[in-house]
Amino acid sequence: VRYNKGEEPKVVFNPKVIWSIGRRKSKERCESEKDSLYLVRRPILAKVEYMTLHGEIVTEFLDYKKARIFCHETDHCNGILLRDKGKLIEEK
């Protein structure tokens with residue numbers, strides 16, 4: 001998971017969304033479908049849990065931007081692509 005361009009990615013194992021509050025529509029692209037833009041509903045606030053490289057269990061509260069990114073990457077771990085979850089709004 002990388003929340004900001006240029007920062008080192010955070011390696012997470014067994015990511016889970018414990019609970020989330022609210023939903024907001026966002027436009028998302030994915031490296032696996034670079035030419036497509038989707039409209040997806042993501043949580044405004046999420047409580048997440050994951051394991052680090054060192055086996056430590058981490059629980060965090062994520063605001064909208066981080067929750068959106070975490071959920072996007074967690075969907076990939078669960079075999080879910082944007083085309084499965086969102087509405088296609090642009091294709092190049």
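Here are legends for four close-up views of this predicted model.

**View 1. Three strands make an open sheet.**
Follow the strands across the sheet and you'll meet them in the order β1-β4-β5, with antiparallel pairing. At the edges sit β1 (13-21) and β5 (57-62), and each of these pairs on one side only. The sheet isn't flat, either: going from one strand to the next, the twist averages 15°.

**View 2. β1 and β4 pair up in the antiparallel sense.**
Here we zoom in on β1 and its partner β4, which covers residues 45-51. Count the bridges between these two strands and you get 6. Want one to look for? Find Trp19, then hop over to β4, where its bridge partner is Lys47.

**View 3. Helix α1 packs on the sheet.**
This helix takes in residues 64-77, and it touches β1, β4 and β5. Compare the direction of α1 with that of β1, and the angle comes out at about 130°.

**View 4. A nonpolar patch shows on the surface.**
Four names to spot here: Ile18, Trp19, Ile21 and Phe61. Together they have about 390 Å² of accessible area. Strand β1 gives the most to this patch, with 3 residues, while Phe61 lies in strand β5. Is Phe61 buried or exposed? Its relative accessibility is 54%, and the cut-off for exposed is over 50%, so Phe61 counts as exposed. Trp19 is worth a second look, since you've met this residue before: it belongs to the patch, and its bridge partner in β4 is Lys47.

Conventions
Residues are numbered from 1 along each chain as its sequence is written. This is a predicted model: local features need pLDDT of at least 70, side-chain atom pairs count only at pLDDT 80 or more; totals for chains, interfaces and linings use all residues. Side-chain values use heavy atoms; hydrogens and water are left out. Two strands pair if DSSP finds at least two bridges between them. Helices (H or I, at least four residues) and strands (E, at least two) are DSSP runs, numbered from the N terminus. Axes are lines fitted to C-alpha atoms, for helices over the stretch in contact, and angles run from 0 to 180 degrees between N-to-C directions. Contact means heavy atoms within 4.5 Å. Patches are made of residues with over 30% relative accessible area and no salt bridge: like charges are joined within 9 Å, nonpolar side chains (Val, Leu, Ile, Met, Phe, Trp, Tyr) within 5 Å. Accessible areas come from the Shrake-Rupley method with a 1.4 Å probe; for residues, only the protein chains shown count as cover. A salt bridge is a side-chain nitrogen of Lys or Arg within 4 Å of a carboxyl oxygen of Asp or Glu. Buried means under 20% relative accessible area, exposed over 50%, partly exposed in between (1.4 Å probe, protein chains only).
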